[in-house]
Amino acid sequence: MNEGKTKERDSGVELEFDLGDPPQKVWRAVTIPELRERWLPKEALADADAITVTPGQEVRYKLRDDNPPFLESTVTFTVTPNATGGTCLRIVHELTDARFDGMARAPANSNSPPLMLAA
């Protein structure tokens, strides 16, 4: 496995790894609950079932924070073969909660009423 590449996005982070294992093995690790739970616990998932699945290529899960304000996000795993017979694993974690959408776009000097956060 390589060190991985990280890209920051407006609402999340994108990671990319070149793995020595074949795509089928990596696909099983991100889709079979018993294997996935070793590194992505079911408690972090808002729903145990994937939101979308393109078999063998891409799977997307919905996550929910376990602390207030319980923001929701999605994590997408994309599995593609690389030139060496291994796998390129791309992970995109995006904050998708509608409450964050308004907060992120409001400028600091917007003169709108302040948003009160939960204590």
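This is a short tour of a predicted model, taking in its largest pocket, its largest nonpolar core and a loop residue with some backbone contacts.

**The pocket**

Let's start with the open space. The largest pocket holds about 200 Å³. Eleven residues line this pocket, and the ones closest to its centre are L19, V26, A29, W39 and L89. Which element gives the largest share of the lining? That would be α1, with three residues. Both α1 and β6 supply at least two lining residues each. As for chemistry, the lining splits into nine nonpolar residues, one polar and one charged.

A29 is worth a closer look, being among the residues closest to the pocket centre. A29 sits in helix α1, which runs over residues 23-31. Is A29 buried, exposed or partly exposed? Its relative accessible area is 26%, and since buried means under 20% and exposed over 50%, A29 counts as partly exposed. Beyond its neighbours within four places in sequence, A29 is in contact with L35, R36 and W39. Take W39 from that list: it lies ten residues from A29 along the chain, with the two C-alpha atoms 9.3 Å apart. W39 also turns up with A29 among the residues closest to the pocket centre.

**The core**

In soluble globular proteins, nonpolar side chains tend to be buried together. Here the largest nonpolar core has 15 residues, and V59, Y61, V75, F77, L89 and I91 have the most contacts inside it. At least two residues of this core come from each of β2 (12-19), α1, β4 (58-64), β5 and β6. So α1 and β6 show up in both places: each supplies at least two residues to the pocket lining and at least two to the core. L89 links the two stories as well, as one of the residues closest to the pocket centre and one of those with the most contacts inside the core.

Y61 has quite a list of partners. Setting aside neighbours within four places in sequence, Y61 is in contact with V30, T31, R36, L45, A48, D49, A50, I51, S73, T74, V75 and F77. R36 is also a contact of A29.

**The loop after β5**

N82 is found in the loop between β5 (72-81) and β6 (87-95). Its side chain reaches two backbone nitrogens, as the table shows.

| Side chain | Backbone nitrogen reached | Distance |
|---|---|---|
| N82 | G85 | 3.3 Å |
| N82 | G86 | 2.7 Å |

Leaving out residues up to four places away in sequence, N82 also touches D18, L19, T87 and C88. L19 brings us back to the pocket, where L19 is among the residues closest to the centre.

Technical notes:
Residues numbered from 1 in each chain as written. Predicted model: local features only at pLDDT ≥ 70, side-chain atom pairs only at ≥ 80, totals over all residues. Heavy atoms only, no water. Helix = DSSP H or I, 4+ residues; strand = E, 2+ residues; numbered from the N terminus. Buried < 20%, exposed > 50% of the residue type's maximum accessible area, 1.4 Å probe, protein only. Contact = heavy atoms within 4.5 Å. Polar contact = N/O pair within 3.5 Å; in protein donor to acceptor, adjacent residues only side chain to side chain. 1 Å grid on protein atoms, 1.4 Å probe; cavity = no way out; pocket = protein on both sides within 12 Å on 5 of 7 lines; lining within 4 Å. Points joined across faces, edges and corners; volume = space filled by probe spheres on them. Nonpolar A, V, L, I, M, F, W, Y, C, P; charged D, E, K, R; others polar. Core = buried A, V, L, I, M, F, W, Y, C linked by side-chain atoms within 4.5 Å.
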